[in-house]
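Thanks for coming. I will go through one structure this morning, starting where the chains meet and then moving to a sheet and two loop residues.

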2 protein chains.
Amino acid sequence: MLQAPGWFFEDTPSDSGRSLAVEVTRKLVEQQSQFQKIEIYDTESVGRMLVLDNIIQLTESDEFAYHEMFVHVPMNAHPAPESALVIGGGDGGILRELNRYASLRRIDICEIDDDVIQLSKQYLPFTACGFDDPRVSVHVADGAEFARNSPGAYDLILVDSTDPIGPAEVLFQRPFFETLSKALKPGGVVVTQCMAIYLHLNMIRNLIDAIRPLFARMQYMNVLVPTYPAGVIGLMVCSSGPDFSKPIRPLDPAIARNLKYYTPAIHSGAFALPRFAEQAIAAAGE
Amino acid sequence: MLQAPGWFFEDTPSDSGRSLAVEVTRKLVEQQSQFQKIEIYDTESVGRMLVLDNIIQLTESDEFAYHEMFVHVPMNAHPAPESALVIGGGDGGILRELNRYASLRRIDICEIDDDVIQLSKQYLPFTACGFDDPRVSVHVADGAEFARNSPGAYDLILVDSTDPIGPAEVLFQRPFFETLSKALKPGGVVVTQCMAIYLHLNMIRNLIDAIRPLFARMQYMNVLVPTYPAGVIGLMVCSSGPDFSKPIRPLDPAIARNLKYYTPAIHSGAFALPRFAEQAIAAAGE
């Protein structure tokens, strides 16, 4: 493994032979939780940075891209969303974006690792502010089990997981998606973190093949996040059929003015995939 | 500067505090030309890799994205392109894409560094095959001077430059763009490599401000290239007014089947910018 004083080197098993190096000014946290190694750094180039098991989870400089697209795409393509479940997402960034919508009456989060929540509240106020809304209920538990006990409960289920190695492996397998499909209200939608087209196309295709019988439509979008491997991350949108690739209502201007990434145009644009990925993914998911 | 045996560390002055590390299996070339240090490596993770002055210029794994978008966007939005000039681009990748169009009668390339051309022909056959077409005329010269001597000559001018440090600095300044605007035929278009929105937004905005009087419209698009800093690179499209953000004719199926990135949908999608960039760029360029 690469090492140099004052530098963090990302070590991603799914992207061997490449590593993003980030110069760090201070290590604020290094802690082994029940599930994973948690590190938090200060850096000049990307601001504060959360690392789980040596993989960058978010940085202050670009987390907005991921969290905004995770939320504002389904919120602006679902006809009347009232309830949302976040699985994972213990940093609070997805909650922060959900909280912008007065129409949501119920916002649940189920994060397996309470240490992530507590350390985020202490060190990542820019995302952990998402926990402050009184509509948010926090459940420290296994996400699959929680969803199994909530049949027909949610308009949106947002799975903000780590990569499919270690604790999150089950979150990329068919039984979990079967549970999610049953936890949706009619017309509901599941959005999941789904890797990078340049690095994990086979894995993405295999996942789509495995869960195809569960959803009438699967759509894949790309989000530009410079500190993720290959600089891009995909989100997969699984639904009973409606087209989530276009907004169905104008974006609330009071929400728009607080955003840095999402626009109605980038909502649609994000679903336009490079030809090599379109052939592998979009065709499989339609 | 970071060092470790068997690894190449990118050293980008415009992106300090971050570095992409790539494990290399063999160094094929290290040569100081009249203009720059040229290195070529073999790697497992990104294939063969061309490096100029310690900055990755292209890798076998993802050069198609950059070269396809550079060419197929203007070629499918210009009403009747017959002549093209490439400035820089000595690896041949842009030529390869231009050559796919039978409608082009004249394809000139003006590259200042003959060593880049010769080494590309020797080591990068996947891009240097672009030199094989009999329509291609190679000029080893200063691009600005070459364009100055070609008034009203081109439908397309494609500036495939290195970053605005060292020899390419003048390619990001107003006098050069003034020359380019005069080298266009009526209705013609200039496309230039234009950095990354996450890293160089001020520079992009300053460039747009400086050249705004020269072009009726400037439009900016993003291309996913994992081995460029931040994983994305922008191309700026400068024209006398027509909208280049949408294709105006169906893509020739005989061309489409050889492409890995470009599609009509990603043509449009690439111009949808994150809100923070749209506000800085699109507004300035319209």
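**The interface, a sheet and two loops**

In this predicted model, 39 residues of chain B are in contact with 39 residues of chain A; contact means that the C-beta atoms of two residues, placed from the backbone, lie within 7 Å. Some conventions: local features need pLDDT of at least 70, side-chain atom pairs count only at pLDDT 80 or more, and totals for chains, interfaces and linings use all residues. Residues are numbered from 1 along each chain as its sequence is written, while chains are lettered from A and ligands numbered from 1 in the order in which they are written.

Which elements of chain B supply at least two residues each to the side that touches chain A? They are β1 (7-9), β2 (18-32), β11, α9 (264-269) and α10 (275-280). Helices (H or I, at least four residues) and strands (E, at least two) are DSSP runs, numbered from the N terminus. The most comes from β2(B), with 6 residues. By class, this side of chain B has 22 nonpolar, 10 polar and 7 charged residues. Here Ala, Val, Leu, Ile, Met, Phe, Trp, Tyr, Cys and Pro count as nonpolar, Asp, Glu, Lys and Arg as charged, and the others, Gly among them, as polar.

Strand β2 (residues 18-32) of chain A runs antiparallel to β2(B), joined by 5 bridges; strands pair if DSSP finds at least two bridges between them. In that pairing, Ser19(A) has Ala21(B) as its bridge partner.

Now the sheet in chain B. It is open, has 7 strands in the order β8-β7-β6-β9-β10-β12-β11, and its pairing is mixed. At the edges stand β8 (136-140) and β11 (217-224) of chain B, each with a single partner strand, so one side of each has no neighbour in the sheet. Inside the order, β6 (residues 83-88) and β9 (residues 154-160) of chain B pair in the parallel sense over 5 bridges. Ala84(B) has Leu156(B) in β9(B) as its bridge partner.

Last, two loop residues. Most residues other than glycine have a negative phi. Asp53(A) has a positive one, near 50 degrees, and sits in the loop between β4 (49-52) and β5 (55-59) of chain A. Met195(A) also has a positive phi, about 65 degrees, in the loop between β10 (184-193) and α7 (197-211) of chain A.

Are these two buried or partly exposed? Asp53(A) is partly exposed, with 19 other C-beta atoms within 10 Å, whereas Met195(A) is buried, with 24. The cut-offs are 20 or more other C-beta atoms within 10 Å for buried, 12 or fewer for exposed, and partly exposed in between, with C-beta atoms placed from the backbone.
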